[in-house]
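Colleague: Could you take me through this model step by step? I would like to see how each answer is reached.

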Amino acid sequence: MGPFDVMAWGSALGLGVYFLIGIAFGFILESAGFGDSRKLAGQFYAKDLSVVRVMFTAIITAMLLLFLASSVGLLDYSDIWVNHTYVFADVVGGLIMGVGFIIGGYCPGTSLCSAATLKLDGVFFVLGVFVGIFLFGESVDWIREAWFANAHGRLTLPELFGLPTGIVVLMAAALAFAFFLVMDALQRKFWPKHADTRPWFGKRAAGELQRESFPPSRPKRVSMS
Amino acid sequence: MKRWIPLAAGIWIGLGLVITALGQPDPEGLYELRKERYQPRLDERRAFVQPGELLHYMYETSVDLQLIDVRSERDFNLFHLLDSRRLNESELTGIARLEEKPQRLTILIGNGEAAAVRSWKQLTALKVPNVYVLEGGLNHWLDLFNEGRLSTPQPSSPNDPPQLDHLRHAFDQALGARHPDSRPPKTLLKQLSYEPRVQLKTKARKGGGCG
């Protein structure tokens with residue numbers, strides 16, 4: 001097995017690793033501009049697709065590396081926590097989060113990133129998250145039956161479709177790529193000024209690559225004296 | 001950066017094809033990867049529950065007891081423990097998917113120990129907590145209990161070799177759980193001696209989401 005269980009190295013060292021990963025994650029979020037609610041909300045209008053591209057790329061890359069490590073025996077997939085599926089709770093929670101995301105312009109992680117840079121909207125969003133968590137904790141017993149309804153346990157796509165994991169991984173990667181193409185097309189249609197219209201395949205792309213790699217030389221200054 | 005898209009897509013598809021070709025380890029493969037951690041529990045008999053301890057848990061209401069019978073349907077219909085349910089070894093992954101109840105105690109039951117141990121290895125590799133094997137299987141259970149009473153003399157340990165896994169006892173009719181030994185009376189607990197081996201892991205595995 002690979003050395004992925006950092007807490008087995010010792011709690012101080014393990015927590016230190018988590019801390020460093022957290023710093024790196026926050027640094028990357030902020031440097032990518034994900035602490036700005038306008039950038040985050042823009043993905044819902046197909047105006048700014050940075051978040052969609054980054055998150056989907058991260059998801060697919062992590063999925064590929066995780067299952068590759070599992071295939072070669074470096075990682076025990078059953079050690080990975082997979083949230084249990086409760087259909088009713090997942091649908092309702094997803095709706096609430098989606099509405100909150102587009103109204104507030106943040107998801108929980110990016111709201112912390114924004115609050116860390118003292119943006120007022122981020123700070124208030126985080127406060128709202130805390131209040132919401134507290135209210136949920138105090139009230140979940142009233143809806144316990146509904147909350148735990150439609151339980152399907154640790155359900156994954158290969159189990160749901162009855163397909164080998166590798167096939168599902170390939171399908172997910174292909175779907176993500178297709179999703180990028182569709183979102184690009186939507187952006188060009190609705191927000192042409194924001195769209196990146198540079199081609200990335202074909203002869204025009206080769207020409208673009210040529211110009212980027214070998215820019216025209218600056219003309220020499222000729223003395224008029 | 002856009003010119004990297006075809007390269008990235010190619011890498012994704014390439015990795016996906018490698019993963020498809022290699023496949024994922026099955027529960028037996030997972031067990032072999034972690035054998036040094038799990039095998040001592042079998043070798044030291046810590047994964048086996050004696051009939052007396054199982055009888056105790058059959059009457060213990062604070063513990064969620066799950067009895068899984070991994071025998072053939074024919075043997076199950078002849079005799080099985082009260083409230084046990086029959087599952088094929090291939091259906092065990094369904095338990096693993098739904099499992100995560102920290103108070104649940106799962107006992108695997110075979111005619112002997114061989115099939116139950118195979119199932120134990122599967123469930124243990126899939127991180128199902130609190131899984132044990134009935135020591136000696138139902139052959140030993142039926143050696144110990146006789147029509148709702150204890151046999152005399154009491155067999156102290158299973159007599160069968162580990163690889164024996166067929167039902168040694170004969171039945172005139174298929175009584176299933178209606179047989180008096182499917183759940184012997186609680187009063188027998190006072191006459192039974194056993195070594196308690198169950199250690200319930202009560203802490204649920206938890207994880208987080210992402211934001």
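The questions below concern a sheet, a helix lying across it, and a pair of packed helices, all in a predicted model.

Colleague: In what order do the 5 strands of the open sheet in chain B stand?

Modeller: Strands of a sheet pair through backbone hydrogen bonds, either parallel or antiparallel. In this open sheet the pairing is parallel. The order of the strands in chain B is β1-β5-β4-β2-β3.

Colleague: Which strands of chain B stand at the edges?

Modeller: An edge strand here has a single partner strand, so one side of it is left without a neighbour in the sheet. The strands in that position in chain B are β1 and β3 (84-86).

Colleague: Which residue of β5(B) stands opposite B:Phe48?

Modeller: Strand β1 (residues 48-49) of chain B runs parallel to β5(B), and 2 bridges join them. B:Val49 is opposite B:Leu134. The residue opposite B:Phe48 is B:Val133.

Colleague: What is the bridge partner of B:Thr106 in β5(B)?

Modeller: Strand β4 (residues 104-109) of chain B pairs with β5(B) in the parallel sense, over 3 bridges. Within β5(B), the partner of B:Thr106 is B:Val131.

Colleague: Is the crossover from β4(B) to β5(B) right-handed or left-handed?

Modeller: Between β4(B) and β5(B) the chain passes through helix α7 (residues 114-125) of chain B, giving a β-α-β crossover. Its hand is right-handed.

Colleague: Are the residues on the two faces of strand β5 of chain B buried or exposed?

Modeller: The strand covers residues 131-134, with B:Val131 and B:Val133 on one side and B:Tyr132 and B:Leu134 on the other. Buried means under 20% relative accessible area. By that cut-off, the four named residues of β5(B) are all buried.

Colleague: How many residues of helix α4 of chain B are buried?

Modeller: Helix α4 (residues 51-58) of chain B lies across β1, β2, β4 and β5 of that chain, at about 125° to β2(B). Its buried residues include B:Leu54, B:Leu55 and B:Met58, and the buried residues pack against elements including β1, β5 and α8 (137-144) of chain B. The helix is mostly covered, and the count of buried residues is 7 of its 8.

Colleague: Why are α3(A) and α1(B) described as roughly parallel?

Modeller: Helix α3 (residues 50-71) of chain A and helix α1 (residues 5-22) of chain B have axes 9 Å apart, at an angle of about 30°. Residues in the contact include A:Ile60 and A:Leu64 of α3(A), and B:Trp12 and B:Leu15 of α1(B). Angles under 35 degrees count as roughly parallel. The two helices are therefore roughly parallel.

Terms used. Residues are numbered from 1 along each chain as its sequence is written. Chains are lettered from A and ligands numbered from 1 in the order in which they are written. This is a predicted model: local features need pLDDT of at least 70, side-chain atom pairs count only at pLDDT 80 or more; totals for chains, interfaces and linings use all residues. Side-chain values use heavy atoms; hydrogens and water are left out. Buried means under 20% relative accessible area, exposed over 50%, partly exposed in between (1.4 Å probe, protein chains only). Two strands pair if DSSP finds at least two bridges between them. A crossover is right-handed if, with the strands pointing away from the viewer, the path from the first strand over the helix to the second runs clockwise. Axes are lines fitted to C-alpha atoms, for helices over the stretch in contact, and angles run from 0 to 180 degrees between N-to-C directions. Angles under 35 degrees count as roughly parallel, over 145 as roughly antiparallel, 65 to 115 as roughly perpendicular and the rest as oblique. Contact means heavy atoms within 4.5 Å.
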